[in-house]
Amino acid sequence: TRTYHFQAKTKHEMIDWINAIRITSERMYNELPATKKKANLIQPTININKDDDKPIRELLKIEGNDVCADCGASNPEWTSFNLGIFICIECSGVHRSLGTHISKVRSVELDSWNEEAVAFMKQHGNINVNQVYEFIQEDLNKPNKHSPRQIKEKYIRQKYQELLYANPDKVEKPVKNLKKSKMSLYKEGWLTKQGNQIKTWKRRWFVLKLLEHKCFLYYYRQRGDSQPAGAINVLNCVLRSSLLTDRPHGFEIITPDRIYVIVAENENDKQTWMDQLEEVIAHYDDENNNNNGGN
């Protein structure tokens, strides 16, 4: 075996590459015959069940949902499930950077979908949501699937963050210069982590600590230990749900050096941790943008 190291130009480009490679490998794995899957020594953390995905995939057949809500690219495989829209993989990377208080990204195929979530997506959908967020057509210059990423990012931020084109009767404008306290982003609790070399599961006490210009997720063997067993650089990672066949409520923290597979005690705890981590990432991204003059 061999480990390949790649360097992306930007964090957003890294996220797009990781998402694309992971989706492709998982699709190929799930298309293998069952006998070949069992013979494979390296099992993926995600096992897609097409029957479970059928209700959400049926919504892609509805007019408007068959293309990305933001750039019009065909066959969107991602969603902003709190907004109720279907988006392409490139636009999903921009949505992640907005922060979970604006957009929560979920995969059509790789994430689980309960009846309530599917019903919400069905009630909203691309056409209905765009009628709200693209209400003001003046000066609206919507990108297409061939537009450069920076053009798409500028448009998506104007559309959902600044609400430049939104119907004022249906969407409340955000309060500018509202800073979130770093203390409100602090979190700690028990999670179960998979080992790196030896794939055993260990319960660890996780502490999310925010420092000046950096943030680490520390994990301890016991609550109250003075020294952590390890640390994850949160500001240099990508988050995604992990549909483990034998352990539900899992998510992955993908760093340039390692993929951390972590399992929460329940689905609500898992989503709370993911929301908190994404909120921290968005918080520091905003700080960096402000310090760099928005460039």
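Is Phe216 buried, partly exposed or exposed? Keep that in mind as you load the model, which is a predicted one; the tour comes back to Phe216 at its second stop.

**Stop 1: Phe206 and Tyr219**

Start with the aromatic residues, since the structure holds 5 aromatic pairs. Select Phe206 and Tyr219 and show their side chains. The ring centres are 5.5 Å apart and the planes meet at 35°, so this pair is tilted. A stacked pair would need planes under 30 degrees apart, and an edge-to-face pair over 60. Now colour the strands: Phe206 belongs to strand S5 (residues 201–211), while Tyr219 belongs to strand S6 (residues 214–220). The pair therefore ties together parts that are 13 residues apart in sequence. Switch on a surface and look for the two residues. Phe206 is buried, with a relative accessible area of 0%, and Tyr219 is buried too, at 7%.

**Stop 2: Phe216 and Tyr218**

Next, select Phe216 and Tyr218. They form another tilted aromatic pair, with 5.9 Å from centre to centre and 40° between the planes. Here is the reply to the opening question: Phe216 is partly exposed, with a relative accessible area of 21%. Its partner Tyr218 has 18% and counts as buried. The two get separate labels because buried means under 20% relative accessible area.

**Stop 3: Arg106 and two rings**

Select Arg106 together with Phe81 and Trp113. Which ring has Arg106 over its face at 3.9 Å from the centre? That ring is the one of Phe81. Turn the view to Trp113, and you will find the charged end of Arg106 over that ring as well, 4.8 Å from its centre.

**Stop 4: Asn128**

Move on to helix H6 (residues 125–133), where Asn128 is found. Asn128 is partly exposed, at 40% relative accessibility. Add Gln123 to the selection: its backbone oxygen lies 3.4 Å from a polar atom of the Asn128 side chain. Then add Gly84, which is 44 residues from Asn128 along the chain. Draw a distance between the two C-alpha atoms and you should get 9.1 Å.

**Stop 5: Helices H4 and H7**

Finish with a pair of helices. Select helix H4 (residues 89–98) and helix H7 (residues 149–161), and hide the side chains for a clear view. How do these two helices pack? Their axes are 10 Å apart and the angle is about 50°, which means that H4 is oblique to H7. Look along the line between the helices to check the handedness: the crossing of H4 and H7 is right-handed.

Definitions and conventions. Residues numbered from 1 in each chain as written. Predicted model: local features only at pLDDT ≥ 70, side-chain atom pairs only at ≥ 80, totals over all residues. Heavy atoms only, no water. Phe/Tyr/Trp six-rings, centres within 6.5 Å; stacked < 30°, edge-to-face > 60°. Helix = DSSP H or I, 4+ residues; strand = E, 2+ residues; numbered from the N terminus. Buried < 20%, exposed > 50% of the residue type's maximum accessible area, 1.4 Å probe, protein only. Lys NZ or Arg CZ within 6 Å of the ring centre and 35° of its normal. Polar contact = N/O pair within 3.5 Å; in protein donor to acceptor, adjacent residues only side chain to side chain. Axes fitted to C-alpha atoms, helices over the stretch in contact; angles between N-to-C directions. Parallel < 35°, antiparallel > 145°, perpendicular 65-115°, else oblique. Left-handed = near helix turned anticlockwise from the far one by under 90°.
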